[in-house]
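Work through the exercises below with the sequence and the model at hand. Try each task before reading its solution.

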Amino acid sequence: MADIRGTYDDLFTAVPNALAGLLDEGDAGASVAVFVDGESVVDVWGGFADADRTIPWQQDTITNVWSVTKTMTALCALVLADRGDLDPTAPVARYWPEFATAGKDKVLVRHLLVHTAGLPDWAGPIEELYDWPAATARLAASAPQWEPGSAAGYHSLTQGFLVGEVVCRITGRSLGEFFAEEVARPLGADFHIGLPAGHDHRVALAVPPSSHDEDYTASAPGRSASPATGTAVRVRDGNSVAWRRAQIPAASGFGNARSVALVQSVMACGGTARGVRLLSQAGCDRARQEQFGGEDRRLGMPVRYGLGYGLFGNTFGWGGWGGSLVMIDPEARMAMAYVTNQMREPADDNRGLELVMAAYDGLKGLRA
């Protein structure tokens, strides 16, 4: 059995056992964390930080969590809404006047958060993703692909620039700076949107699925997905230094399971974690208010979107390309995160679900 390191409550033994099973099946490396009532009950890791399996995954290893980053960006917007600085029902142009062109004057802030703004595809060169002014100017000049608010189509890369520019216009700080100063630093969370060079030695680069190389690109999980017309991101792009340095708030967050679960435990515990209050209970509840339910044109599957989070029964959260995931259960006051460098094909990937179920096994004992 794979060597699993870290700490866990004995009631949650199923979690490290499940992680060991995944590593035994051939995954490179990963970390898993579970927080209940804002306190850690599982913080484990194992495997390797590199494709050649020569560098052990360490306690402070971090990796790109891809679209799990969206939950961090959503949290920033929710904090501003809770403070009264951001109205999710207001037109985006109230905060970003240049956005009101090409039929976008009626796009609301909430449309950005729930993938209904009609701007799902990144149509520029990959290099432009690393240039915030150029990326946001391109999106401001773009016409929506459908009547905003009428349909959902997953904004895999664009959502972060859209929400991030609104945050920037309100606060005068980039999304990465706002997150670092208002969320990560108060909580002591090791999560970064725009990674400084000093952290490069800790990064576990993404490992493509077996039979693929670093030219591997994302594919929609559902069969009815309409084809994306934008520029595809390859694994090699995400593994580049330029990607790490850039702020791509929909997809370029770097952290480990401990930091992801810690930050999102705020949403599980009524706005507070480690004695730090970021939101009111009402501010947290906004995330769970359904904004869209139906078929997502880009994902090709039925979805329910709250304000910046996917809704799944009584839980909410989101996953990232390749397998990383965060799940929040406010009724159980639990947040669970799985972060891995080992990508799998979406249709063949149930790892996150396996670990969520293992966490619930422990919760049953804890609540007994």
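The exercises that follow concern a predicted model, and each is solved step by step.

**Exercise 1. Describe the length and the bend of helix H6, residues 175-187.**

Solution. Start with the length: H6 has 13 residues. From the first C-alpha to the last, H6 reaches 17 Å, close to the 18 Å expected at 1.5 Å a residue. Next, look along the axis: H6 has a kink of about 35°, centred on Glu-181. Finally, step past the end of the helix, where Gly-188 takes a positive phi of about 75°.

**Exercise 2. State which residues of H6 are buried and what covers them.**

Solution. Buried means under 20% relative accessible area. The buried residues of H6 are Leu-175, Gly-176, Phe-178, Phe-179, Glu-182, Val-183, Ala-184 and Leu-187. Their cover includes the helices H2 (69-82), H5 (158-171) and H9 (257-268). It also includes the strands E5 (192-193), E8 (272-273) and E9 (276-277).

**Exercise 3. Work out which strands stand at the edges of the sheet that contains E5, E7, E4 and E6.**

Solution. Write down the order first: the 4 strands form an open sheet as E5-E7-E4-E6, with mixed pairing. E5 and E6 (203-204) each have a single partner strand, so one side of each is left without a neighbour in the sheet, and these two stand at the edges. Then take one pairing in detail. E4 (residues 62-64) and E6 run parallel and are joined by 2 bridges. Within this part of the sheet, Ile-62 stands opposite Val-203 in E6.

**Exercise 4. Describe how strands E10 and E11 are connected.**

Solution. The strands E10 (residues 292-296) and E11 (residues 301-305) run antiparallel, joined by 5 bridges. Glu-295 stands opposite Pro-302 in E11. The two strands form a hairpin with 4 residues between them. In the turn, Gly-300 has a positive phi of about 70°.

**Exercise 5. Classify the ring pairs Trp-96 with Phe-99 and Tyr-216 with Trp-321.**

Solution. The structure holds 12 aromatic pairs. For Trp-96 and Phe-99, the ring centres are 5.0 Å apart and the planes are at 40°, so the pair is tilted. Trp-96 is buried at 2% relative accessibility, and Phe-99 is buried at 0%. For Tyr-216 and Trp-321, the centres are 5.6 Å apart and the planes are at 25°, so this pair is stacked. Tyr-216 lies in the loop between E6 and helix H7 (235-238), and Trp-321 in the loop between strands E13 (315-319) and E14 (325-329), so the pair ties together parts that are 105 residues apart in sequence. Both Tyr-216 and Trp-321 are buried.

**Exercise 6. Find the charged ends that sit over the rings of Phe-99 and Trp-122.**

Solution. Over the ring of Phe-99 sits the charged end of Lys-104, 4.8 Å from the ring centre. Over the ring of Trp-122 sits the charged end of Arg-138, 5.8 Å from the ring centre.

**Exercise 7. Compare the settings of His-115 and Arg-333.**

Solution. Most residues other than glycine have a negative phi. His-115 has a positive phi, near 65°, and Arg-333 has a positive phi of about 55°. His-115 is in the loop between helices H3 (109-113) and H4 (132-141), while Arg-333 is in the loop between E14 and strand E15 (334-340). For accessibility, His-115 counts as buried at 3%, whereas Arg-333 is partly exposed at 35%.

Conventions. Residues are numbered from 1 along each chain as its sequence is written. This is a predicted model: local features need pLDDT of at least 70, side-chain atom pairs count only at pLDDT 80 or more; totals for chains, interfaces and linings use all residues. Side-chain values use heavy atoms; hydrogens and water are left out. The expected span of a helix is 1.5 Å times one less than its number of residues. The bend at a residue is the angle between axes fitted to the seven residues ending there and the seven starting there. Buried means under 20% relative accessible area, exposed over 50%, partly exposed in between (1.4 Å probe, protein chains only). Contact means heavy atoms within 4.5 Å. Two strands pair if DSSP finds at least two bridges between them. Rings of Phe, Tyr and Trp (its six-membered ring) pair if their centres lie within 6.5 Å; planes under 30 degrees apart count as stacked, over 60 as edge-to-face and the rest as tilted. A charge sits over a ring if NZ of Lys or CZ of Arg is within 6 Å of the ring centre and within 35 degrees of the ring normal.
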